[in-house]
Amino acid sequence: MSGKHATLQVLTLNCWGVPYLSKDKEIRFKKIIQELAKGDYDIVALQEVFTNSDIKDLQEGLKNVLPYSHYFYSGFIGSGVCIFSKGPILDTAQKAFSLNAFPHKIRHCDWYAKKLVGLCQVEIDGLRINVYTTHMTAMYGPSHHENFIDQDEYYAHRLVQSYELSSFVRQTCQSSDVNLVMGDFNSEESSLSMQIIRTNANLKDAWQERPNKEDGNLGNTCDKPNNLYTHMKKKEEELTEGIRIDYIMYNGNGKDIICRDCCLTMGQIPGFDIFYSDHEGVRATLDIVTKDGKRLFFILNLTKLT
């Protein structure tokens, strides 16, 4: 690296691309492709990309800026999880979760997607970066409610998924310089699921490590009242400030990683009344300090939409 500054821009988006169920999917995917095709990003992780036509449209639209891609096939309709990269993908792996919702809950879709954690090891400026992405089983009862276990029939499923995900990260992270774990975990920060993931995989949460964390921003990414898609799913009396269930977490091998910034991004589509998805995205800026003291600046634009 010769001590020069390197900029790595990473985006994680849940595209809300469930066929026949997701509102405005065609125009939203076109706008997502247009945004990514600007070439601002080095690595992009996407969730809820289910149809072959959507995958091919993304690959075609991004081939000049993100020529390397991998889709994690799983289940009846596909996992919906894929990764695009400017730099070469050196290796891939995936771990399907052993508990994964119920097949008779057709509208939930989780069982048919066969939820998993996907891994791509990419090379950027000589650094090997393990990029993990996931979309865990949906949460049907807010975990901050006193009786949330009674409301959420998949609570135990996400506990198992959290342990399996964090164990997979712990067992595969030694071959890289930097490990990024990001996506829609469908679990709030204080939940047991997130405690398991952070502790078992020794991960830091970028939102909690950001230097401006006293700014009063809760970082809520889902069910926000300003997003018109929230009003399509919830009654007026059910609206809250939203919940934070999308995360950027990280650790390193022989590297000190410092979070310079973490913020929300990609909400409403410019010039339109609609939004990119029913979630907002998350962006983080990380400094990576090597053992010899050279500092590499990686701007990680990690955006999550689900």
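In strand β7, G118 finds its bridge partner in T133. This pairing belongs to a predicted model, in which strand β7 (residues 127–135) and β6 run antiparallel and are joined by eight bridges. The two strands form a hairpin with two residues between them, and there D125 takes a positive phi near 50 degrees.

Strand β6 (116–124) also pairs with β5. Strand β5 (residues 89–96) meets β6 in the antiparallel sense, over seven bridges. Within this pairing, A96 has L116 of β6 as its bridge partner. How many of the nine residues of β6 are buried? Eight of them are buried, so β6 is largely enclosed by the rest of the structure.

Going back along the chain from β6, one reaches the loop between α3 and β6, where K114 is found. K114 is not a glycine, yet its phi is positive, at about 50 degrees. For context, most residues other than glycine have a negative phi. K114 counts as partly exposed because its relative accessibility is 28%, a value between the limits of 20% and 50%.

Helix α3 covers residues 110–113, and D110 lies in it. Is D110 buried or exposed? Its relative accessibility is 2%, and D110 therefore counts as buried, the cut-off being under 20%. Apart from neighbours within four places in sequence, the contacts of D110 are N100, A101, K115, M136, T137, A138 and Y140.

Another positive phi in a residue other than glycine occurs at Y20, with a value near 70 degrees. Y20 sits in the loop between β1 (10–17) and α1 (25–36). With a relative accessible area of 87%, Y20 is exposed, since the threshold for that class is over 50%.

The last region to consider is the second largest pocket, which holds about 220 Å³ of space. Its lining consists of 15 residues, and N202, Y250, N251, G252 and K255 are those nearest the centre of the pocket. Which strands each supply at least two residues of this lining? They are β10 (246–252) and β11 (256–265). The largest share, three residues, comes from β10. In chemical character, the lining of this pocket comprises five nonpolar, six polar and four charged residues.

Conventions: Residues numbered from 1 in each chain as written. Predicted model: local features only at pLDDT ≥ 70, side-chain atom pairs only at ≥ 80, totals over all residues. Heavy atoms only, no water. Helix = DSSP H or I, 4+ residues; strand = E, 2+ residues; numbered from the N terminus. Buried < 20%, exposed > 50% of the residue type's maximum accessible area, 1.4 Å probe, protein only. Contact = heavy atoms within 4.5 Å. 1 Å grid on protein atoms, 1.4 Å probe; cavity = no way out; pocket = protein on both sides within 12 Å on 5 of 7 lines; lining within 4 Å. Points joined across faces, edges and corners; volume = space filled by probe spheres on them. Nonpolar A, V, L, I, M, F, W, Y, C, P; charged D, E, K, R; others polar. Pairing = 2+ DSSP bridges.
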